[in-house]
Number of protein chains: 2
Amino acid sequence: MWHKIKIMSKSKQPLILITNDDGIQAKGLNELIEGLRSLGEIVVIAPNVSRSGMSSAISATNPIRVNQVKKEKNLTAYSCTGTPVDCVKLGVNEITGRKPDLIVSGINHGSNSAICVIYSGTVGAALEGCILGIPAIAVSLTDHSPSADFTQAVKQGKAVAEKVLKDGLPKGICLNLNVPAIPEVKGLKVCSQTPGYWTKELQKAKDPMGKTVYWLTGEFLNEDPGNNRNDEWALAHGYAALVPLQLDMTAYSFMEDLKTMTEETLKNRKGGQL
Amino acid sequence: MWHKIKIMSKSKQPLILITNDDGIQAKGLNELIEGLRSLGEIVVIAPNVSRSGMSSAISATNPIRVNQVKKEKNLTAYSCTGTPVDCVKLGVNEITGRKPDLIVSGINHGSNSAICVIYSGTVGAALEGCILGIPAIAVSLTDHSPSADFTQAVKQGKAVAEKVLKDGLPKGICLNLNVPAIPEVKGLKVCSQTPGYWTKELQKAKDPMGKTVYWLTGEFLNEDPGNNRNDEWALAHGYAALVPLQLDMTAYSFMEDLKTMTEETLKNRKGGQL
């Protein structure tokens, strides 16, 4: 039914590319590295500073620089001046030397559930892995603090990574794993993306010169709070939430109505031509 | 079948919020403004510099500044230091005073078809309108040059804008319009997002100090070139391509297999719990 793109090398141990959006120094990244080391050879390429909220942004107009920061047996790490997506592009095309068997992005300090898949650099990096034909997982913990406890998130992330290394993922699909920041996670739920949006997003303030500036902030408004098939429900009930994400954003359900709405009317207007 | 979120004010003319990712000075933006002026009151809020390739990035850690640059009858324009998505958030929450009836992003200098929906700031801004419950359209022309001829793109964009102002769009769905840079566009095709990815993406170079830098570049590889239902086909055959995009990125087709792959195996491992 679905085409696997598992590309595990036969002769070598699996190659796992790790990135994030919180930057090379983040605790979540470094705990993920340690958690996955037993699964294969690790190459890390992560932003040199925090690049949160970068979505799938690319460095369209600026050059990108890369710097090796660690070289150990089966672990090499690089920092990069680009975005999380730039990191994946550079990692796969210039750094690893062979095609990674798996890309893991995270572990993010803070949830990337629901509509945050659209804004998240952590998820952006996983989507990029998927675009490049490599099985990819974004992993996030629902705790923003720099010293958050990643024990449960590493455990869940490693379990999913092992499954994906073994079974692969369908073409055009990657995984978004969010783990609740609680001492004992109940288990894993496969979920859909919760519908909703952020409210109270802008905080007006004055800079030291008295000029107005705006800071982004906000509260998430869950538009389907009782639905036990979505990721917000799972997280609120003590489960890790695993959402499969697809690259094809086409709203197929609306195509026929859109044809009626646009093509025919436009045809009628000018005898078949706009 | 689908819930319209048309919110046209009864007492006033439609309010149209216009943004882009090429920046407030771009020709494509300014031709779009002139093209849509007859449809209602226009508020423009666009990046103060080019923010191409910004996807749905937000200014997560930096304050945003806004500056009014134009005030005419039924047309006010602002420049903003943030991303295209920041522009939409600011426009809707702080600038317009009433909820816009329509958001139009563009006209982008360069195509945003196929997988570019993931990277595009133009599309990111339209998705943001959709997130905020406002009908939204991204418009792009397949010509990167600063002095491109936007005549056909304005005509197509205006026609679609009129339809959306009249009929609204379903909740969670926005439109991605790409127009070929040819003297006479044949008409409009409702399409799906072409599958594919960019190759040869990194160009290695030296900076004046002799240090290595990488520039993003590349060629798009169309994975389904003969499919006359997708946007690349339409553009190559002289049609404007209109793709409905949805915010819900869940890969529903893979959910059952993913449950089999993860939940059950993980349950078996530890008596129902990870």
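In chain B of this predicted model, nine strands come together as an open sheet in the order 3-4-2-1-5-6-7-13-8, with mixed pairing. Strand 3 (66-72) and strand 8 (187-190) of chain B stand at the edges with a single partner strand each, so one side of each has no neighbour in the sheet. From one strand to the next, the twist averages 20°. Within this sheet, strand 7 (residues 173-179) and strand 13 (residues 239-246) of chain B are antiparallel partners, joined over six bridges. One bridge pair can be picked out by eye: Leu175(B) has Pro244(B) in strand 13 of chain B as its bridge partner.

Helices lie across the sheet of chain B. Helix 1 (residues 27-36) of chain B crosses strand 1 (15-19), strand 2 (41-47), strand 4 (75-80), strand 5 (102-109) and strand 6 (136-141) of chain B, and runs at about 140° to strand 5 of chain B. Helix 4 (residues 121-131) of chain B lies across strand 1, strand 5, strand 6, strand 7 and strand 13 of chain B, at about 170° to strand 6 of chain B.

Chain A can be followed in a similar way. An open sheet of nine strands is found there, in the order 3-4-2-1-5-6-7-13-8 and with mixed pairing. Its edges are strand 3 (66-72) and strand 8 (188-190) of chain A; each has a single partner strand, so one side of each is left without a neighbour in the sheet. The twist averages 20° from one strand to the next. A parallel pair is formed by strand 2 (residues 41-47) and strand 4 (residues 75-80) of chain A, which six bridges join. In this pair, Val44(A) stands opposite Ala77(A) of strand 4 of chain A. Helix 2 (residues 84-95) of chain A packs on the sheet, where it touches strand 1 (15-19), strand 2, strand 3, strand 4 and strand 5 (102-109) of chain A, and its direction makes about 140° with that of strand 2 of chain A. Helix 5 (residues 151-167) of chain A lies across strand 5, strand 6 (136-141), strand 7 (173-179), strand 8 and strand 13 (240-246) of chain A, running at about 165° to strand 5 of chain A.

The next point is how the chains are arranged. A turn of 180° with a shift of 0.0 Å along the axis lays chain A on chain B, with an RMSD of 0.0 Å. That is the relation of a two-fold axis. Where they meet, 75 residues of chain A are in contact with 74 residues of chain B. On the side of chain A that touches chain B, at least two residues each are supplied by several elements of chain A, including helix 3 (116-119), helix 4 (121-131), strand 11 (212-216) and helix 7 (255-269). Helix 7 of chain A gives the largest share of that side, nine residues. Of the interface residues of chain A, 99% are also interface residues in chain B, so the copies meet through the same surface.

The largest nonpolar core has 171 residues, and those with the most contacts inside it are Ile137(A), Leu242(A), Ile137(B) and Leu242(B). Setting aside residues up to four places away in sequence, Leu242(B) touches residues of both chains, among them Leu258(A), Thr262(A), Val160(B), Leu175(B) and Leu188(B).

Tyr214(A) offers another place to look. This residue is found in strand 11 of chain A and is buried, with 23 other C-beta atoms within 10 Å. Apart from neighbours within four places in sequence, Tyr214(A) is in contact with Leu202(A), Gln203(A), Lys204(A), Pro63(B), Ile64(B), Leu90(B) and Glu94(B). Tyr214(A) and Trp233(A) are 19 residues apart in sequence, and their C-alpha atoms are 31 Å apart in space.

Some details of the backbone also deserve a look. Most residues other than glycine have a negative phi, and most peptide bonds are trans. A cis peptide bond, with omega of about -10°, joins Gly106(A) and Ile107(A), and Ile107(A) lies in strand 5 of chain A. In chain B, a cis peptide bond joins Gly106(B) and Ile107(B), again with omega of about -10°. Ser55(B), in the loop between strand 2 and strand 3 of chain B, has a positive phi near 50° and counts as buried, with 30 C-beta neighbours inside 10 Å. Lys200(B) has a positive phi near 45° and lies in the loop between strand 9 (196-199) and strand 10 (202-206) of chain B; with 10 C-beta neighbours inside 10 Å, Lys200(B) counts as exposed.

As for confidence, the model scores ipTM 0.93 and pTM 0.94. The mean pLDDT of chain A is 93, and 92% of its residues reach 70 or more. Over residues 268-274 of chain A, however, the pLDDT is below 50, and this stretch has 11 contacts in the model beyond near neighbours in sequence.

Notes
Residues numbered from 1 in each chain as written. Chains lettered and ligands numbered in written order. Predicted model: local features only at pLDDT ≥ 70, side-chain atom pairs only at ≥ 80, totals over all residues. pLDDT = per-residue confidence, 0-100. Contact = placed C-beta atoms within 7 Å. Core = buried A, V, L, I, M, F, W, Y, C linked by C-beta atoms within 7 Å. Buried ≥ 20, exposed ≤ 12 C-beta atoms within 10 Å, placed from the backbone. Least-squares fit on C-alpha atoms with pLDDT ≥ 70 in both. Pairing = 2+ DSSP bridges. Helix = DSSP H or I, 4+ residues; strand = E, 2+ residues; numbered from the N terminus. Axes fitted to C-alpha atoms, helices over the stretch in contact; angles between N-to-C directions.
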